[in-house]
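I opened a notebook on this structure to keep track of what I looked up. The entries are short and follow the order in which I went through it.

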Amino acid sequence: ITADTRRQRPAGFLSVALISASQILIGFPQAVWWNALALGTFVLLRMRETGRWRRLVPLAAGGLTGVLIGAVQLVPTIDAALRSIRAVPEPRFALTYSLDPVNLVQFWSPYVFNNRVSSSVDFPWVHEFGVYSSAIGILALPWLWIRRAAVRHRRTLIITMTAFAAVSLLLALGRHGGLDVLLVRLPVLSSLRVPARYIVLVQFSLTLLAAVVFDDL
């Protein structure tokens, strides 16, 4: 998007293609979807800042090239999914292991529960329902509000990441978040479960906001 020389543009294209192929070859489609959400948000942000909307064409071509390279893994993954229970999942399948809202208190106190996490429906796996990602992420929000005049030059980034974190959190809450219809009705997404894992995108957003805080410091 920001390349200004003939050498930088092919390097950018190659990087997008190889990174896209790499994540597909790992064989974890859910993570590919998370990355697509994060990448799409970042691309729109940078396009708005630079005004170089024509760069979407080579960027999309690089991503498509990565998909073609990763097809050696993607095709058998799709074939396996079509032969499993994910081919025709029940509506409740996509909502299994939704993050119980009470777990959000972990952001402030990670050991508030005797068993680390709480779940009223699904088995309380710590690795699924654990959400703590350091205190600075939560402190970043009030800090940036108090210092909003001083960080005005980062306003677009702050608003974008805050909104992205909010949407990701609603997705992580699954049946409790109000966006469960998207997880159940949309093709492909309905075959993916454990909405609680969307918390990684919340943590990603808070990390970027924390970076703005450190820059301000």
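What follows are my entries, from the whole chain down to single residues.

**Entry: the model.** I noted at the start that this is a predicted model. I keep that in mind for every value below.

**Entry: overall make-up.** I looked up the secondary structure and found nine helices and zero strands. Reading along the sequence, I wrote the pattern down as α-α-α-α-α-α-α-α-α. I then took the extent of the C-alpha atoms, which fill a box of roughly 55 × 55 × 25 Å along the principal axes.

**Entry: surface and burial.** The protein has 217 residues, and 34% of them are buried. Its exposed area is about 13200 Å². I noted that carbon and sulfur atoms supply 65% of that area.

**Entry: contacts along the chain.** I looked at contacts between residues with a separation of 6 or more. Of these, 76% join residues that are 24 or more positions apart.

**Entry: the core.** In soluble globular proteins, nonpolar side chains tend to be buried together. I therefore looked for nonpolar cores, and the largest has 35 residues. Those with the most contacts inside this core are Leu 99, Phe 107, Leu 144, Tyr 198 and Leu 209. Helices α2, α6 (135–146), α7 (155–173), α8 (180–185) and α9 (199–216) each supply at least two residues of this core. The most comes from α9, with seven residues.

I followed up Phe 107. Leaving aside neighbours within four places in sequence, Phe 107 is in contact with Val 131, Tyr 132, Ser 133, Ile 138, Ile 199, Val 202 and Leu 206.

**Entry: Thr 41.** Where does Thr 41 lie? I found Thr 41 in helix α2, which covers residues 29–50. Thr 41 counts as buried because its relative accessibility is 18%, and the cut-off for buried is under 20%. Not counting residues up to four places away in sequence, Thr 41 touches Thr 160, Met 161 and Phe 164.

**Entry: a nonpolar patch.** I also looked for nonpolar side chains on the surface. Leu 14, Leu 18 and Ile 69 make a nonpolar surface patch of about 270 Å². I checked Leu 14, which is found in helix α1 (residues 8–25). Leu 14 has a relative accessible area of 47%, so I wrote it down as partly exposed.

**Entry: Phe 113.** Is Phe 113 buried or exposed? Its relative accessible area is 19%, so Phe 113 is buried. Phe 113 has its place in the loop between α4 and α5. Apart from neighbours within four places in sequence, its contacts are Val 102, Asn 103, Val 105, Gln 106 and Ser 118. I also took the separation of the C-alpha atoms of Phe 113 and Val 181, which is 30 Å. These two residues are 68 residues apart along the chain.

**Entry: salt bridges.** Side chains of opposite charge can pair when their charged atoms come close. I searched the whole structure and found seven salt bridges. I wrote out some of them.

- Arg 83 and Asp 79 meet through their side chains at 3.2 Å, N to O. Arg 83 counts as exposed at 67% relative accessibility, while Asp 79 counts as partly exposed at 37%.
- Arg 175 and Asp 122 form a salt bridge whose closest N and O atoms are 3.7 Å apart. Because Arg 175 lies in the loop between α7 and α8 and Asp 122 in the loop between α4 and α5, the pair ties together parts that are 53 residues apart in sequence. Arg 175 counts as partly exposed at 31% relative accessibility.
- Arg 197 and Glu 128 form a salt bridge with the closest N and O atoms 2.8 Å apart. The pair links distant parts of the chain, 69 residues apart, with Arg 197 in the loop between α8 and α9 and Glu 128 in helix α5. Arg 197 counts as partly exposed at 26% relative accessibility, whereas Glu 128 counts as buried at 9%.

**Entry: back to Asp 122.** I returned to Asp 122 for its surroundings. Asp 122 is buried, with a relative accessible area of 14%. Which residues does Asp 122 touch, not counting residues up to four places away in sequence? I listed Thr 96, Tyr 97, Ser 98, Phe 129 and Arg 175. For Tyr 97, the backbone nitrogen lies 2.7 Å from a polar atom of the Asp 122 side chain. Arg 175 is also the salt-bridge partner of Asp 122 noted above.

Terms used
Residues numbered from 1 in each chain as written. Predicted model: local features only at pLDDT ≥ 70, side-chain atom pairs only at ≥ 80, totals over all residues. Heavy atoms only, no water. Helix = DSSP H or I, 4+ residues; strand = E, 2+ residues; numbered from the N terminus. Buried < 20%, exposed > 50% of the residue type's maximum accessible area, 1.4 Å probe, protein only. Contact = heavy atoms within 4.5 Å. Patch = residues over 30% accessible without salt bridge, like charges linked within 9 Å, V, L, I, M, F, W, Y side chains within 5 Å. Areas by Shrake-Rupley, 256 points an atom, 1.4 Å probe, with all protein chains shown as cover. Salt bridge = Lys/Arg side-chain N within 4 Å of Asp/Glu carboxyl O. Core = buried A, V, L, I, M, F, W, Y, C linked by side-chain atoms within 4.5 Å. Polar contact = N/O pair within 3.5 Å; in protein donor to acceptor, adjacent residues only side chain to side chain.
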